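Let's take a walk through this model together. Keep the viewer open and turn things around as we go.

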Amino acid sequence: MAPYVNGLLARGMDATAIDLPRRRAEDALPAFHLAVPSEGHVVVGGQSYGGRVASLAAAEPDAPYAALVLFSYPLHPPGAHDRADARVAHWPSIRCPVLLLSGGSDPFARIDLLQAAVPRLARAELVTYPGLGHTLKPVLEDVLDRTAAFLRGVAEG
């Protein structure tokens, strides 16, 4: 996450990364809550697994977060497209604005399934990058510019 954090800091955004235990995303929520302030001005998110954990936290009934940013959301394990619905079952409970950025050829998120899932979110924007897989590093500057613009929009209300 260092390139994301450093890039957002360079754009005037407050950003930090946390370490999460590698297990089922649902089981990492206690560690997430220990590390992330539960305050209304906080934006949560992450890349892949970290984004999935952040999305679960944002879906909790008392979640106060201002927004959610998901880099390469892992919609399903590669080849297991039938698990996509389970990975977004909590999305209708997310009340904050969401920005999703994904590679158009991500083996963890078949793009047609991701596009079909986005309407489950109340307020969401999906940005896709044709030809990219599960990494956004080749377009990191654009990803960071779009994320910073999204965060400025959220802050302005």
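What follows goes from the sheet to the helices around it, then to the cores and the charged pairs.

One thing up front: this is a predicted model. Start with the sheet, which is open, has 4 strands and runs in the order β1-β2-β3-β4 with parallel pairing. At its edges sit β1 (43-47) and β4 (124-129), each of which pairs on one side only. If you step from strand to neighbouring strand, the average turn is 10°, direction ignored.

Zoom in on the β1 side. Here β1 pairs with β2 (residues 67-71) in the parallel sense, over 5 bridges. To get your bearings on that pairing, find G46, whose bridge partner in β2 is L70. Another handy landmark is Q47, which stands opposite F71 in β2. The two faces of β1 aren't treated alike: V44 and G46 make up a covered face, while V43, G45 and Q47 belong to the uncovered one.

So what packs on this sheet? Helix α6 (residues 140-156) does, and it touches β1, β2, β3 (98-103) and β4. The direction of α6 makes about 170° with that of β2.

Now swing round to helix α1 (residues 2-10). Which of its residues are buried? They are Y4, V5, G7 and L8. These four cover an arc of only 170° around the axis, so they end up on the same side of α1. There's a bit of textbook geometry behind patterns of this kind: an α-helix has 3.6 residues a turn, so residues three or four places apart point the same way. As for what that side of the helix meets, the buried residues of α1 pack against β1, β2 and α6. Just after α1, look for G12, which takes a positive phi of about 85°.

Next, the nonpolar interior. In soluble globular proteins, nonpolar side chains tend to be buried together. In this model the largest nonpolar core has 33 residues, and F32, Y65, L68, W91 and I94 touch the most other members. Each of α2 (29-35), α3 (49-58), β2, β3 and α5 (111-117) supplies at least two residues of this core. The biggest giver is α3, with 6 residues. W91 is a good residue to click on: leaving out residues up to four places away in sequence, it touches S55, L70, Y73, L100, L114, A117, V118, R120 and L121. There is also a second, separate core of 20 residues, and L8, Y129, L132 and L140 are among its members. You've met L8 already, as one of the buried residues of α1.

While you're inside, have a look at S102, which is placed in strand β3. Is this serine, S102, buried or exposed? It's buried, because its relative accessibility is 1% and the cut-off is under 20%. Leaving aside neighbours within four places in sequence, S102 is in contact with A109, L114, V127, T128, Y129 and L136. Two of these names should ring a bell: L114 is also touched by W91, and Y129 is part of the second core.

Finally, the charges. Side chains of opposite charge can pair when their charged atoms come close. The count here comes to 8 salt bridges. One of them joins R120 and D85, at 2.9 Å from N to O. R120 lies in the loop between α5 and β4, and D85 in helix α4 (residues 84-87), so the pair ties together parts that are 35 residues apart in sequence. R120 is partly exposed, with a relative accessible area of 33%, and R120 is also in touch with W91.

Another salt bridge brings together D112 and R110, at 2.7 Å from N to O. Both ends are partly exposed, D112 with a relative accessible area of 39% and R110 at 34% relative accessibility.

Then there's the pair D27 and R24, whose side chains meet at 3.4 Å, N to O. D27 counts as partly exposed at 37% relative accessibility, whereas R24 counts as exposed at 52%. This pair doesn't stand alone: R24, E26, D27 and R52 are linked in a network of salt bridges.

How values were computed: Residues numbered from 1 in each chain as written. Predicted model: local features only at pLDDT ≥ 70, side-chain atom pairs only at ≥ 80, totals over all residues. Heavy atoms only, no water. Pairing = 2+ DSSP bridges. Axes fitted to C-alpha atoms, helices over the stretch in contact; angles between N-to-C directions. Contact = heavy atoms within 4.5 Å. Core = buried A, V, L, I, M, F, W, Y, C linked by side-chain atoms within 4.5 Å. Buried < 20%, exposed > 50% of the residue type's maximum accessible area, 1.4 Å probe, protein only. Arc of directions from axis to C-beta. Salt bridge = Lys/Arg side-chain N within 4 Å of Asp/Glu carboxyl O.
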